[in-house]
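Please work through the following exercises on helix packing and internal cavities. Each task is followed by a solution in steps.

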Amino acid sequence: MHFRKFTVLTLLALLLVSIVPITAQDDATVTITDDLERAIEIPTNPQRVVFASAEHASMVTSLGYVPYAMGFTGNAQIEALASLGSNMDDLSDIINVGNANEPNLETILEIEPDLILWWDNSEIIEQLQQIAPTLGFNPRTDAFAGEYGAVPGPDVERYAKQRLFASIVGLEAELDEQIAEYEALLDDVLERHGDALADLEWSFLDTGDNFQPHMYSIERFPTFAYNAVMLDLGITPSENMVNALAEGFGYDENFGYAQVSLEVVGDYTADLLFVGRYDNAPLNEQLMTLLNATPTGQAEQIYRVDSNLWTYHLVFAEIEVLRQIDEILSNGVENVGDFGSMAMADEDMEASATSFPLTIEHEVGTTVLETVPERIVVLEYSYADHLGTLGVVPVGFAVDAPPEYIYAYTSDLGAVEVGTRAEPNLEAILELSPDLIIADLRRHEEIYDDLSLIAPTVIFNSLRGSYDDQLEQFSIIAEILDKSEEGAEILANYQENFDTTLALTNADADEFVIGVLWSGGFTAHSDESFMGSFLEDLGRVNALEPLEGETQYLLDMEGFASVNPSTIVILCNPADTEFLDNLIDGDLWQAFDAVVNNRVYAFDRNLWSKGRGITAFELILADAVESGLLSDAESQGVQCGGMTTEG
C-alpha cells in the first residue's frame, strides 16, 4: 500500500522536532496495553484524539463525547456515528483524516494530535506512532465470548473495550451510569414480563449490503446488542436462527455472519422476528413477500429495526434494544407498536396515487397506459435497477454482461432472458405477453415500432444519458408503477447519502478523465455522460467536454497527453486485463501526472457504467469513498474489476 512514505517521513523529520502537541492539561501519563500487546505511554487527559473509524469513535460518542478527528471509512459508519447517542449536530465539525485504510498522514501530522486510536491490524501503526502515541484496537473484540449462552467470565468485563476507551477520554462515570440504567431497566422488564418471556422464541435477520440476507451467529457474537439483550432476558433463539447458519454460505469469520438464501429465511416460525438494515433495499421488498406468508408474518410479529443497534455492541445500543422489547411486550406481542411491521395494510395496497389512463412523454413520442403495468420487459440494466429498487420484478430482461446485483432483481426471481441489450429477441418478448416494454434510445429507436406492436413501449436515453437523466427516469418509472410517493422517499434518502458523500470530496483536487477500457480502446466519458457528470456532481472536475455531439468517445494516447489529467479513472472487467497492460506499459503513459502521482483508479465496469440506478449509485458512492478517489488520496493499486487492497 502506498502512503507517500518519503513525503511523510521527511515532514516528520522536519516538523516533529518543532511541534509541541497540545496534549494534557497536566503532564501526567498512563501506560495502556493495546490489542497488539504493546505498552504505550499516553497522556491522562488527551484533548486531540484521532479515531480510525466511526466504529472506534462510537465507543465514546455514545457517552456524549465529540471526536476531534476521525477516519471516514464509509457513509454507513458515518450515519451510525450520528445515531449512536452522539450529541453532534454537524459531522463536518470533525476533522476528516481520510479513509482508515489509507489515511492522509500529512493531515494527521498537521492537526498535532496527542493520541491516535487506530485499527490493530493496520500496516501504518509505526508511522502513526511517529506522529503521536498510537494504540491499535479492534472495537469488536468484546464480541468474541465463546459458546452460545456464555458471557465473558469474571476475569473479562462484559464492556471491557468500551470501558477502556471511556477511561482514555475520562468518561468512565458516564459509562457506569449507562450500565446502571441498563441493569435497572432489565430488572424492571424481567419483573413485569417474566412469564411471557419464558415462552417466546426470537430471530434476527440482517438484509446486508450485498443483496443476500445475513444471519449473525449468536454463538460467535453473544455480546452484540440484540444477542446480549435476548440472552439477558432469557428469550430462546429460534431454531431457524440456529439452523440458518448451518445452511448458509459465504460465512464471514471477521463479522460472524453467514449469507443465507431467500428460501432458507422464508420458513420462519419465531414469535418475534427483527429485520434490520437499508429499508429501501429491494431485497426487503422480496423478503416482505416471503416473510409475510409465514406464521410470524401472519401474526404481524415482524419488526423493522435500526441496524446500528444490532451491529454495535455498546451499552447505549443495549438500552435502546431493551426499550424496544419492553414496548413490544407491553403492547402485546401481536401488536406491531411503533416499530413497524413489514406487513402492508390492505388500504395501502389498494390506494392509487397515479391517475390512469396515464400518458407518458418519452424520447420518441407519447405512450398511453390504461392501467398499472404488471408484466414489464426491460432492455437496459438501469431499468432493471429502477424496478428492483421499487420492489418490482420484470418478466423479461435483455442481458449480456450485467452487474451481478441485477440478477437479484431478475433471473433469481424468475425473469426470462430476451436476448442481448443490443439485439433483443422480439419473439422471446412476444411470448411473455408484456403490458409494458422499457427500451433505450441509442439501442432501440430503430425497432420502436416493432416493440410497440408487441406492447406499449417507452424509450428513455439511458445509455448516453447523464446522471440527472437517470434520476428523472427513475421518477417517471415510479409514476408508471403507481409508486410516486415511495419513489420520492427513496430519492430523498439517497440524496442524503449523496450529500454526506459529497462532503468528503477534496474540493482542491484537479481535473479527472474517466472512461471504459475495452478491446476497441479507451472510451472517455465527458461531463455530459452518465459517469462523467456523476463524478462532477460529487465535486470532482471533468477535463473533457462532448466531442462532435458525442458524450462518450475514444481517447488515444495523444488525446490523453493533450489533457494530462491529474486523475484517471479506468472502468474495466477482469477479461480486459490484457488491454490494461497494453495501456499502462508505454513510456508516454508513465509520464502522465496521474500516473506519476499515483492517482489512477480502476473500478468494476459493469457496476460503474451499466447499472445507472439508485442501487448502483449507492454502491458506486461507497467505492468512490473507500478507494480515496473523492478525497484525492493515493490509489491502492490498479486492477480490472476493481481496486486492489493490500493488508
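**Exercise 1.** In which hand, left-handed or right-handed, does helix 21 pass helix 28?

*Solution.* The model is predicted, with local features requiring pLDDT of at least 70 and side-chain atom pairs pLDDT 80 or more, whereas totals for chains, interfaces and linings use all residues. Residues are numbered from 1 along each chain as its sequence is written, and side-chain values use heavy atoms, without hydrogens and water.

Step 1. Helix 21 (residues 484-502) and helix 28 (residues 614-626) have axes that come within 11 Å and cross at roughly 10°. Helix 21 is therefore roughly parallel to helix 28 (angles under 35 degrees count as such; axes are lines fitted to C-alpha atoms over the stretch in contact, with angles from 0 to 180 degrees between N-to-C directions).

Step 2. The crossing is left-handed: the near helix is turned anticlockwise from the far one by less than a right angle.

Step 3. Among the residues in contact (heavy atoms within 4.5 Å) are Tyr494 and Phe498 of helix 21 and Phe617 and Val625 of helix 28.

**Exercise 2.** State which residues line the largest cavity.

*Solution.* Step 1. Searching the whole structure yields three cavities of 30 Å³ or more (on a 1 Å grid over the protein atoms alone, a cavity is a set of points where a 1.4 Å probe fits but cannot get out).

Step 2. The largest cavity has a volume of about 80 Å³, the space filled by probe spheres set on the points.

Step 3. Its lining (residues with an atom within 4 Å of a point) consists of Phe72, Asn96, Gly98, Asn99, Leu504, Val625, Leu630 and Ser631.

Terms used: Helices (H or I, at least four residues) and strands (E, at least two) are DSSP runs, numbered from the N terminus. Angles under 35 degrees count as roughly parallel, over 145 as roughly antiparallel, 65 to 115 as roughly perpendicular and the rest as oblique. On a 1 Å grid over the protein atoms alone, a cavity is a set of points where a 1.4 Å probe fits but cannot get out, and a pocket is an open set with protein on both sides within 12 Å along at least five of seven lines; lining residues have an atom within 4 Å of a point.
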